[in-house]
Amino acid sequence: MRNGQQCILEIIAEDNMASSPAEHPVACQIRYIKGDLFSCPETDSLAHCISEDCRMGAGIAVLFKKKFNRVQELREQQKKTGEVAILRTGERFVYYLITKRKVSDKPTYGNLRKCLEAMREHCIRNRVTDLSMPRIGCGLDHLQWEKVSVMLEDVFMNTQVRITVYSL
Ligand SMILES: NC(=O)c1ccc[n+]([C@H]2O[C@H](COP(=O)([O-])OP(=O)(O)OC[C@H]3O[C@@H](n4cnc5c(N)ncnc54)[C@H](O)[C@@H]3O)[C@@H](O)[C@H]2O)c1
C-alpha cells in the first residue's frame with residue numbers, strides 16, 4: 001500500500017510530465033532592431049556566416065574580422081560546411097557559421113540549418129541567453145529572409161535563447 005507522501009510525489013511527477021516542452025512548445029520570438037549589429041550589448045553573443053577557408057573579404061564578415069580578428073584560431077578549428085567555428089571573447093561567444101566551402105559558393109538552406117543546430121547545441125551547453133545577428137545568409141549569399149527567419153524560430157524553439165536581428 002502507498003503512503004501519502006509517495007502518492008503526492010507521484011502526482012507532482014505526472015504533473016511535470018504533462019507540462020513537458022514536447023507538449024507545450026515554447027516559441028522562439030525574434031526581436032528586430034534597425035541599426036548596426038555592433039551596437040548590441042557587449043554581453044550578447046554574435047553570429048554570422050562565412051566559408052570554410054575563413055576568408056572574410058566582403059560583407060559584414062569584414063567587420064567581424066576587424067573587430068575580433070583571430071582568423072588563424074578560426075582556421076585551426078578546421079570546421080566544415082554545416083559546422084560552426086567559435087571564439088570566446090569576454091562574456092560572449094562569436095559564432096562563425098560555416099555555410100559553404102568556398103567564398104564563391106552559395107549556401108544551401110540545408111547547410112544553414114545544420115550550422116544553426118550546431119550553434120543551438122553550443123548555446124544550450126554554455127547557457128547562452130542572448131544572441132544577436134544580422135539577416136544571416138540574406139545579403140551577399142542571397143537566401144530569403146522569409147525562409148531563414150522561420151528556420152531560426154524553428155531551430156531555437158524550446159530554448160532559453162533570445163534572438164535579436166539587426167538590419168541597416
Ligand atoms: N571574397 C569574400 O571574402 C566573400 C565573398 C562573398 C561573400 N563573403 C561574405 O559573405 C558571406 C555571408 O553572406 P551573408 O549574406 O550571410 O552576409 P552579408 O551579406 O555580409 O550580410 C548579411 C546582412 O547583414 C547586413 N549588414 C551588413 N552590415 C551590417 C551591420 N553592421 N549591422 C547589421 N546588418 C548589417 C547586410 O546588409 C546584409 O543584409 C560569407 O561568405 C562572407 O565571408 C565574402
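Ala, Val, Leu, Ile, Met, Phe, Trp, Tyr, Cys and Pro count as nonpolar, Asp, Glu, Lys and Arg as charged, and the others, Gly among them, as polar. The legends below describe a predicted model.

**View 1. The shell around the ligand holds nonpolar, polar and charged residues.** There are 26 residues around the ligand. By class, 16 are nonpolar, 6 are polar and 4 are charged. G57, G59, P134, G139 and D141 come nearest to the ligand. Three elements each give two or more residues to this shell: β2, α2 and β6.

**View 2. The chain combines helices and strands.** Count 5 helices and 6 strands. Follow the chain along its sequence and the pattern reads α-β-β-α-α-β-β-α-β-α-β. The chain has 168 residues, and 31% of them count as buried. Now take the contacts between residues at least 6 apart in sequence. Of these, 71% join residues at least 24 apart.

**View 3. The strands form an open sheet.** Strands of a sheet pair through backbone hydrogen bonds, either parallel or antiparallel. Here, 6 strands line up in the order β1-β6-β5-β2-β4-β3, and the pairing is mixed. At the edges are β1 (31–34) and β3, each pairing on one side only. On average, neighbouring strands are turned by 25° against each other, direction ignored.

**View 4. Strand β2 runs parallel to β5.** These two strands are joined by 2 bridges. Look for L46: its bridge partner in β5 is S132. Helix α4 packs on the sheet, where it touches β2, β3, β4 and β5. The direction of α4 makes about 160° with that of β4.

**View 5. The largest nonpolar core brings together 36 residues.** In soluble globular proteins, nonpolar side chains tend to be buried together. In this core, the residues with the most contacts inside it are A47, V84, Y95, Y96, L97, C115 and M119. Both helices and strands contribute. Elements that give two or more residues include the strands β2 (45–51), β3 (84–89) and β4 (92–100). The helices α2 (60–68), α4 (109–125) and α5 (145–155) also do so. Which element gives the most to this core? It is α4, with 6 residues.

**View 6. Y96 touches residues elsewhere in the sequence.** Y96 is among the core residues with the most contacts inside the core. Which residues does Y96 touch, not counting those up to four places away in sequence? They are H48, I50, L74, V84 and A85. One of these, V84, is also listed among the core residues with the most contacts.

Terms used
Residues are numbered from 1 along each chain as its sequence is written. This is a predicted model: local features need pLDDT of at least 70, side-chain atom pairs count only at pLDDT 80 or more; totals for chains, interfaces and linings use all residues. A nonpolar core is a set of buried Ala, Val, Leu, Ile, Met, Phe, Trp, Tyr and Cys residues joined through C-beta atoms within 7 Å. A residue is buried if 20 or more other C-beta atoms lie within 10 Å of its own, exposed if 12 or fewer, and partly exposed in between; C-beta atoms are placed from the backbone. Helices (H or I, at least four residues) and strands (E, at least two) are DSSP runs, numbered from the N terminus. Two residues are in contact if their C-beta atoms, placed from the backbone, lie within 7 Å. A residue is near a molecule or strand if its C-beta atom, placed from the backbone, lies within 6 Å of it. Two strands pair if DSSP finds at least two bridges between them. Axes are lines fitted to C-alpha atoms, for helices over the stretch in contact, and angles run from 0 to 180 degrees between N-to-C directions.
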